[in-house]
Amino acid sequence: MTVFEGTFTQTESLRFAIVIGRFNDLITGKLIEGCQDCLKRHGVDPNPEGTQVDYVWVPGSFEIPLVARQLAMNGGYDAVICLGAVIKGQTPHFDYVAAEVSKGIAAAAFQTGVPVIFGIVTTDTMQQALERAGIKSNKGWEYAMNALEMASLMRQMRGGINSSPNNRSITGTTQALPISSNHLVESDVSPEA
């Protein structure tokens, strides 16, 4: 019997997309920094001009699932990391946005078979959001770790280069997806990307 488990090594061939909501950019900016730090410390080049990580900015968290799904379908990524912040206010807006974003991100992963990481900070106050974005710990680091582990695990399960801890692989095929030469995208992802 083979055991499959994601690793945090052999990351030089992995490709990631990070979808970031501009709304609450004080929080999302710090989440990006934590995410980039984690990726870099695990051998991934997070430079927007490089070949391993593409960045897509969208207006807010509500728009993230659509773009994440599109990237997962057409971008040739091993994982898509979704970064956003939804902070509760005086109206039920928070409840609607948080619920739909979580459903949308889960659906994007289920529909495409690509790990789509839920990196949306949902808090009652700005203080709580700041604590999760770096004052106490940076959740961006954790989201990147999840992406690394899931990307590695899915490659193993598909019979990719990191087949298994015992160098055994399961039978399967991997479809090559087109890779865009544009690595810094400003919320204009099209089906042709």
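**View 1. The second largest pocket of this predicted model has a volume of about 260 Å³.** Of the 14 residues lining this pocket, F23, A85, V86, H93 and V97 are the closest to its centre. Two elements, β3 (79-87) and α3 (93-112), each give two or more residues to the lining. Sorted by class, the lining holds seven nonpolar residues and seven polar ones, with no charged residues.

**View 2. Here we zoom in on N24, in the loop between β1 (16-21) and α1 (25-41).** Is N24 buried or exposed? N24 counts as buried because its relative accessible area is 19%, and the cut-off for buried is under 20%. Setting aside neighbours within four places in sequence, you will find N24 in contact with A85, V86, I87 and M126. Two of these partners, A85 and V86, also appear in View 1, among the residues closest to the centre of the second largest pocket.

**View 3. Stepping back, the protein chain has five helices and five strands.** If you trace the chain along its sequence, the elements follow the pattern β-α-β-α-β-α-β-α-α-β. Which share of contacts joins residues at least 24 apart in sequence? Among contacts between residues at least 6 apart, that share is 78%.

**View 4. Last comes the surface of the protein chain, which exposes about 10000 Å².** Carbon and sulfur atoms supply 55% of that exposed area. As for the residues themselves, 45% of the 193 in the chain count as buried, and N24 from View 2 is one of the buried residues.

Technical notes
Residues are numbered from 1 along each chain as its sequence is written. This is a predicted model: local features need pLDDT of at least 70, side-chain atom pairs count only at pLDDT 80 or more; totals for chains, interfaces and linings use all residues. Side-chain values use heavy atoms; hydrogens and water are left out. Helices (H or I, at least four residues) and strands (E, at least two) are DSSP runs, numbered from the N terminus. Buried means under 20% relative accessible area, exposed over 50%, partly exposed in between (1.4 Å probe, protein chains only). Contact means heavy atoms within 4.5 Å. Accessible areas come from the Shrake-Rupley method with a 1.4 Å probe; for residues, only the protein chains shown count as cover. On a 1 Å grid over the protein atoms alone, a cavity is a set of points where a 1.4 Å probe fits but cannot get out, and a pocket is an open set with protein on both sides within 12 Å along at least five of seven lines; lining residues have an atom within 4 Å of a point. Grid points are joined across faces, edges and corners, and a volume is the space filled by probe spheres set on the points. Ala, Val, Leu, Ile, Met, Phe, Trp, Tyr, Cys and Pro count as nonpolar, Asp, Glu, Lys and Arg as charged, and the others, Gly among them, as polar.
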